[in-house]
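Hi everyone, thanks for having me. Today I'd like to walk you through a structure, slowly and with no rush.

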Amino acid sequence: MLLSLHIRDFVIVEQSDIYFSSGFTVFSGETGAGKSILIDALSLTLGQRSEPHFIREGASKADISAIFEVNHHIQQWLETQNIEAEELILRRTIDQQGKSRAFINGTPATLTQLREIAALLIDIHGQHAHQQLLKASAQRALLDSHGHHQHLLKAVQQAWKDWQTAVQTLEKANTNLAQQEALQERLNWQLNELKQLNPKKNEWETIDQEYNRLAHASSLLEGAAQTLNELDNDEQSITTTLSHACARIAQLMNRDPQLKGIYDILESARIACVEAASDLHSYLDKVELDPQRLAQTEQRMQAMFDLAKKFKIEPEQLYDKQASLAEELEALNQAVDIDALQAEVHQRAEDYKKHANKLSQARQATAKTLSEAVTQAMQTLAMQGGQFTIELIDSPPSAYGVETVQFNVAGHAGTTPRALAKVASGGELARISLALSVMANKAHQVPTLIFDEVDTGIGGAVAEVVGQLLRQLGESHQVLCVTHLPQVAACGHHHFEVSKTQENGETRSAILALDYPNRIEEIARMLGGVHITDTSREHAEEMLKHAGNVF
């Protein structure tokens with residue numbers, strides 16, 4: 001759950017440190033005091049887009065940190081990011097240039113990472129959520145969320161993507177069949193040319209070395225023989241001279257051992273000359289003039305050079321060119337196999353139907369239980385006799401399945417449920433939206449739920465029921481609610497007042513945790529307006545006690 005929120009220089013908040021507890025917490029205050037600023041600040045730490053105007057007038061940057069308790073699901077996510085901690089700290093800063101920086105436990109993070117972890121931490125139900133509920137997409141998303149259909153929906157979306165990809169491949173193959181046949185013919189011709197030459201891997205390097213050896217065989221023989229003659233042929237050869245020098249120094253060593261190093265050098269040189277002479281003998285035995293082989297080599301090199309010029313590549317690239325053309329032709333042969341592509345489309349369509357049917361069955365079961373739960377909740381929200389149903393209407397296949405989700409409502413007994421968008425008034429829509437949110441979140445794994453003025457359009461006894469619903473939800477979740485209704489505020493386990501003041505011509509917003517006497521004063525203000533009477537205070541205290549807040 002959310003443990004604390006620390007705000008610095010955000011909009012009209014100069015500095016605020018708010019510490020939270022479990023249960024149901026309410027925020028109240030006069031219009032414009034900055035109640036929803038808390039939600040905006042928290043949303044930034046959860047990856048919402050930043051804006052330069054978020055920085056308080058006169059400040060250099062805004063700095064917001066949110067500290068959360070770590071549960072099993074969050075711990076698993078942190079481990080995937082190589083982060084170990086007993087608590088989770090999300091921080092966001094924004095400077096005057098609009099540059100934003102994000103941190104998770106002090107480590108720089110991306111907005112994508114913040115949004116990923118946010119899905120495990122908090123669910124924010126905004127003040128205009130009931131308007132979104134009129135959209136078919138929102139109704140479908142709420143049903144799938146309540147039924148935990150995400151894995152089924154993901155499978156349907158992947159199957160849909162695979163099916164559509166197969167369809168597009170088939171359509172492209174049919175459309176471009178003539179072009180593909182022409183390309184196929186050209187590739188076959190090019191490949192045949194290369195196959196006739198049949199270049200080997202690294203052949204050009206090998207044949208180029210052989211050509212240089214054969215073309216210069218005469219000069220190689222002459223030079224090698226002359227060098228061998230100088231090394232080891234007569235009394236004037238290098239080897240003989242070195243042998244005499246070694247013998248002379250060996251005699252002198254008897255008189256001066258310091259000559260040992262010079263002797264070793266000369267002996268090494270003599271041995272090297274002997275080995276070089278031996279290697280030259282072997283080389284001369286192998287090298288011979290071969291005009292026929294030279295002609296064959298020249299012919300092969302010219303053929304490779306001519307073909308490389310035709311393909312506008314280097315001769316050493318011929319082998320790789322042949323391999324790439326073969327791969328391209330193989331891929332093209334498969335692509336133009338219309339029968340195979342049609343079979344693939346059929347198989348992908350069957351896979352999609354299988355996954356879509358599983359999703360439909362799960363939606364039917366969830367629709368029944370959620371309809372019953374919301375209908376029951378309506379009876380306590382001044383809609384006695386009302387009925388809520390979820391209808392699944394067959395629709396063309398899509399990434400979201402084979403049905404459209406439609407919420408229907410009958411506001412009174414004896415009337416037929418009709419589409420929510422057509423029959424629900426603003427007040428009814430707000431109440432149904434809240435009932436749906438409460439029912440859906442009772443089974444939700446997210447530990448913290450935030451309701452931002454979701455009680456708009458209701459009042460009186462219905463407001464008290466709404467407050468009790470949220471208080472009940474606070475038994476299993478941490479619930480934070482921004483409200484303007486005293487009936488809802490009285491039901492909170494904890495209460496914060498958001499106030500606005502003027503200092504030196506600047507507007508400031510402050511958040512204060514209220515004790516019991518101050519809660520009475522704030523609820524009395526919400527009941528009676530500017531002038532608070534003893535009657536208002538008595539009424540406020542009675543509401544707190546009735547809600548179960550006894551101090």
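I'll talk about a cavity and then about one residue. Please keep in mind that this is a predicted model.

Let's start with the empty space. How do we look for it? Rolling a probe the size of a water molecule over the atoms shows where empty space is left. In this structure, there is one cavity of 30 Å³ or more. The largest cavity holds about 80 Å³ of space.

So what lines the largest cavity? You can find L2, L5, F20, F27, K35, L38, I39, L42, I450, L480 and V482 around it. Sorted by character, the lining has ten nonpolar residues, no polar ones and one charged one.

Which elements supply at least two residues of that lining? They are β1, covering 2-10, α1, covering 35-45, and β13, covering 478-482. Of these, α1 gives the largest share, with four residues.

Now let's turn to Y19. You'll find Y19 in strand β2, which spans residues 13-19. Is Y19 buried or exposed? Y19 has a relative accessible area of 56%, and because exposed means over 50%, Y19 counts as exposed.

Who does Y19 touch, if we leave out residues up to four places away in sequence? Its contacts are L3, S4, H6 and F496.

One last distance for you: Y19 and I238 are 219 residues apart along the chain, and their C-alpha atoms are separated by 96 Å.

That's my tour, and I'm happy to go back over any part of it.

Technical notes: Residues are numbered from 1 along each chain as its sequence is written. This is a predicted model: local features need pLDDT of at least 70, side-chain atom pairs count only at pLDDT 80 or more; totals for chains, interfaces and linings use all residues. Side-chain values use heavy atoms; hydrogens and water are left out. On a 1 Å grid over the protein atoms alone, a cavity is a set of points where a 1.4 Å probe fits but cannot get out, and a pocket is an open set with protein on both sides within 12 Å along at least five of seven lines; lining residues have an atom within 4 Å of a point. Grid points are joined across faces, edges and corners, and a volume is the space filled by probe spheres set on the points. Ala, Val, Leu, Ile, Met, Phe, Trp, Tyr, Cys and Pro count as nonpolar, Asp, Glu, Lys and Arg as charged, and the others, Gly among them, as polar. Buried means under 20% relative accessible area, exposed over 50%, partly exposed in between (1.4 Å probe, protein chains only). Contact means heavy atoms within 4.5 Å.
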